[in-house]
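Please walk me through this structure, taking its sheets and its ligand site in turn.

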Amino acid sequence: MNRSSDILDTPVEYLKGVGPARADALKKELGVFTFRDLLGHYPFRYVDRSRFHSAAEIRSDAAYVQLVGRIKDFQKAGPPRAERLTATLTDSSGSIELVWFKGLRWILNKIRPDVDYIVFGKPAWFNGKYNIPHPEIEPLENRTSGVAGENLQPFYNSTEKLKSRGLDSKGIARILRNLIPAVQGHIPENLPQVLLREMGFITREEALVNVHFPSSPDILNQARNRLKFEELFFIQLDLLNHKMLRTEKSKGHVFEAIGSYFNDFYHHHLPFELTEAQKRVLREIRSDQKSGRQMNRLLQGDVGSGKTLVALMTMLMALDNGYQACLMAPTEILAGQHFATVTRMLGSLDVRVALLTGSTRTPERKKIHLGLQDGTLQILIGTHALIEESVRFTDLGVVIIDEQHRFGVAQRARMWSKNIIPPHILVMTATPIPRTLAMTLYGDLDISVIDELPPGRKPVKTVHFYDKDRLRVFGFIREKIREGRQVYIIYPLIQESEKLDLKDLQDGYESITREFPLPGYAVSMVHGKMASPDKEYEMQRFKKGETQIMVSTTVIEVGVDIPNASVMIIENAERFGLSQLHQLRGRVGRGADQSYCILMSKYELTHEARRRLQTMVRTHDGFEIAEEDLKLRGPGDLQGTQQSGILDLKIADLVKDEKILRLAREKAIRLLETDPRLEQQENKPVVAFLQSMKRHRADWSRIS
Ligand code: ADP
Ligand code: MG
C-alpha cells in the first residue's frame, strides 16, 4: 500500500471540523468511515448563487431562487403550539412572503429592518400565492456564498441526525472544504492514460475536487461525466472479468447428445409447433450445454411467451445425458402448476417427476430424498424447499429458476454448491428488463429473449375506468360470465398496510357476492394470509371452473395459467407499479377468446399514476413498459434490483446515462481483450483501484 492510499484511508474523525461525535453520525447515517468515503459523498444538486432573481419574476416552485432586499412586517399566526412567523421581503420589483415554523424567536431577534439581506430558498405555492419557507438568510455585506469562483453551491444529502450535529448540506460542504486540501496531490488515477486521452477526460483528482466545488458549469460537466464513466466502467470490468474467470475455470457438464427423451417428446408429445423464438432459445441453450462450460443464462420472455415449455425441453436434454434436473418456482401455487403442466405434457413418457414444497408431508419427502439419491427421481419441481440442506441430488445437471426476481442472489449461490461440477443454470423471468439495467444487473450472464408470442393470441383490450363506472363494469362481468368466461378481480396488497388492504379485499369480496349471488355466480377468494392448502383449494376450484369470479390479492400475479379466465379487473390500479400491472394483465389473454383488462381507479390521480395507467392502455409490449417504468421510478425501485445492491450508483443514472454506460462497457470489453490478466504496465492504475474497491465492499457481482 502506498502513501497516497494511506491518506484516503484516514478515519473521517481526524478531519478538521469532524471529531468523534460527528464521525459516528457520518458512519451510521451515510456509511462514511474514511476520507475516501467522504470524498465519494457527491452533491446531488448545484445551485447557481451568482444569479439574483427579482421578487416579481417568481412564477414557479421548481427551482431555488436568490433575492436581495429588506425584510419587514413580521407577523405571528396560527395556534400557540403550531405558530408560524411570516415576513415580507421587498426588492425593487415587488415583494414575496417568507415563512418560518421553527426558531421564530431567533429570527425575530436576528433580522433588522434597515439591512439588505440575501435570501435564498425554494418557493412554495400556498393559499394562492408563492412564499419561501425557511429561507437561508445572510446580510448582503458579509456575503459568503456566491463569492468569486464558487458560484455553484453544492447540495448534499443529509439526515435529521446529521443536521442535529451541524451537518446539514452546508455543514457537509464545510467539512469537504477542509478535506480537499488534505487529500490534494494524493488521489491516484484509476484509468489508463490511453483511455484518459482517448476519452478526453480530466484527471481523477480534478474530477473529485470539481464535483464538490466546481469553478464553472463546464468543468462540473466534465467532472461528472468522468465520474459517471468510471463508476460504470469498473462495474462492467468486474462483471466481465467474473464472467471470463467463470468461463475459464468452472467446467460444465457436457451434454453430448440429444436423446430419446427429447426426441420422443418433440415428435410425439408436443401439442403444438414451437415458435421461432422458442426454437432459437433452445438452440442457444443447446450450444451452452455442449460447450463444456457452465451455462449461466437469463431467459427473458414476456408473460405467455411459453417459457415453461422451453424449461421442460431443457430438462429433457439433461435427462438424455443421464443427469437430473430441477425447476424452482417462487410460490407453492406456481410450483404446483408447473408440476401439473410438466406431468400433463410428458403424458405417457416414462419420466419420474416429483413435487417438493414446504407443505410436502414427511413420508413423501423421505421418498423424494431417496429417489434423488439413488437416481430414480429425474425431475424435481418445487419452491425454496429445493435448496434445503437435506435435498441432495446424485447428478444434478441443470437448474431452472422461474421468475427469478423473487429469489435472492444468496439462494442462487446455494444451488451452485450442490455439486462439484456446478449444474447449468437457466434463470427465467417474465419481467422484461430494460437493456441498460440488464447490462448492469446481469452483465455476466448470457441473455436469451423470447420475443414472440405463440400464434393466435389476441392482444388484451385494456381500458381505464373510474369508480363511478362501476355499474357498467358489473354489467360487463355478467355478460362475460353468461358467455362462459371467468373473471379475476384483483386488489392491491402492500406490506405496510396489510390490515387495511385485507379489509379492502374482504369488503370487495362481500360486495361482489352481493352483486353476483348464487346460483350462477360462485366467487373464490385468495390472499397471502391464507394457509396454503386453503389457497390451493380455492385456486383449484377456479381452475376447474367451479367458481366464476376470483377475488384476490397479487398472490395471483406470477405465472398462473387459466386460459378460460378472460377478464382481469384491477381495483385501485393507481396503487400498482407498471411491471406489476403488466404481470397481472398477463394472466388473461391466454385462451382463444378476446380478453379484457379493466383498470379501476379513483378520479384524482397523481401525474405519475395517470401516466402509468395511460401506458398500460397504450401498449402491450413488455419492454416498452419496462422502459417507461424505469423512467418513472428510477432503477432503485424496479423488481429484482433491491436485494442486489448493484444499483447503489453514486453518480451515474441508468435512465439518463445509457450512452456513457455503453461506452464504459465497450471500453471494459476492449481492455480485457487486449490484456485479459491486466498485466500491462499501463493498466496498473486499474488493478490498484479494483483491489481497493474489493477491500471496501463485498463482492456483489456473483449472480449465480
Ligand atoms: P410463460 O412464458 O408466461 O411462462 P407459459 O409457458 O405459461 O408462458 O405459456 C403460456 C401458454 O402458451 C401455455 O398455455 C402454453 O401451453 C402455451 N404455449 C407455449 N408455447 C406454445 C406454442 N409454441 N404454441 C402455442 N401455444 C404455446
Ligand atoms: Mg411462467
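The paragraphs below begin with one sheet, pass to a second, and end at the ligand; the model is a predicted one.

In the order E6-E7-E4-E3-E2-E5-E8, seven strands make up an open sheet whose pairing is mixed. Its edges are held by strand E6, residues 124-126, and strand E8, residues 136-139; each has a single partner strand, so one side of each is left without a neighbour in the sheet. From one strand to the next the twist averages 45°. At the E6 edge, the link to strand E7 (residues 129-133) consists of three bridges, and the two strands run antiparallel. Within this pairing, Phe-126 has Lys-129 of E7 as its bridge partner.

Further along the sequence is another open sheet of seven strands, here with parallel pairing, and its order reads E12-E13-E11-E14-E15-E10-E16. Strand E12 (353-356) and strand E16 (446-450) are the edge strands, each of them pairing on one side only. Neighbouring strands of this sheet are turned against each other by 20° on average, with direction ignored. One pairing that can be followed in detail is that of strand E11, residues 324-328, with strand E13, residues 379-382: the two run parallel and are joined by four bridges. Among the residues involved, Cys-326 finds its bridge partner in Leu-380 of E13. Across E11, E12 and E13 lies helix H14, which spans residues 362-373 and runs at about 130° to E12.

What, then, surrounds ligand 1? The shell is made of 17 residues, and the closest are Glu-273, Gly-304, Lys-307, Thr-308 and Arg-457. By character, the residues of this shell divide into six charged, six polar and five nonpolar. Helix H12, which covers residues 307-320, supplies the largest share of the shell, namely three residues.

Several of the closest residues can be described atom by atom. Glu-273 places a backbone N or O atom 2.8 Å from a nitrogen atom of the ligand, while for Gly-304 a backbone N or O atom lies 2.6 Å from an oxygen atom of ligand 1. With Lys-307 it is the side chain that takes part, since one of its N or O atoms is 2.7 Å from a ligand oxygen atom, and a pair of this kind counts as a polar contact when it lies within 3.5 Å. Taken alone, ligand 1 exposes 560 Å², and the protein buries 86% of that area.

Note on methods. Residues are numbered from 1 along each chain as its sequence is written. Chains are lettered from A and ligands numbered from 1 in the order in which they are written. This is a predicted model: local features need pLDDT of at least 70, side-chain atom pairs count only at pLDDT 80 or more; totals for chains, interfaces and linings use all residues. Side-chain values use heavy atoms; hydrogens and water are left out. Two strands pair if DSSP finds at least two bridges between them. Axes are lines fitted to C-alpha atoms, for helices over the stretch in contact, and angles run from 0 to 180 degrees between N-to-C directions. Contact means heavy atoms within 4.5 Å. A residue is near a molecule or strand if one of its heavy atoms lies within 4 Å of it. A polar contact is a pair of N or O atoms within 3.5 Å; within protein, one must be able to donate a hydrogen and the other to accept it, and residues adjacent in sequence count only if both atoms are side-chain atoms. Accessible areas come from the Shrake-Rupley method with a 1.4 Å probe; for residues, only the protein chains shown count as cover. Ala, Val, Leu, Ile, Met, Phe, Trp, Tyr, Cys and Pro count as nonpolar, Asp, Glu, Lys and Arg as charged, and the others, Gly among them, as polar.
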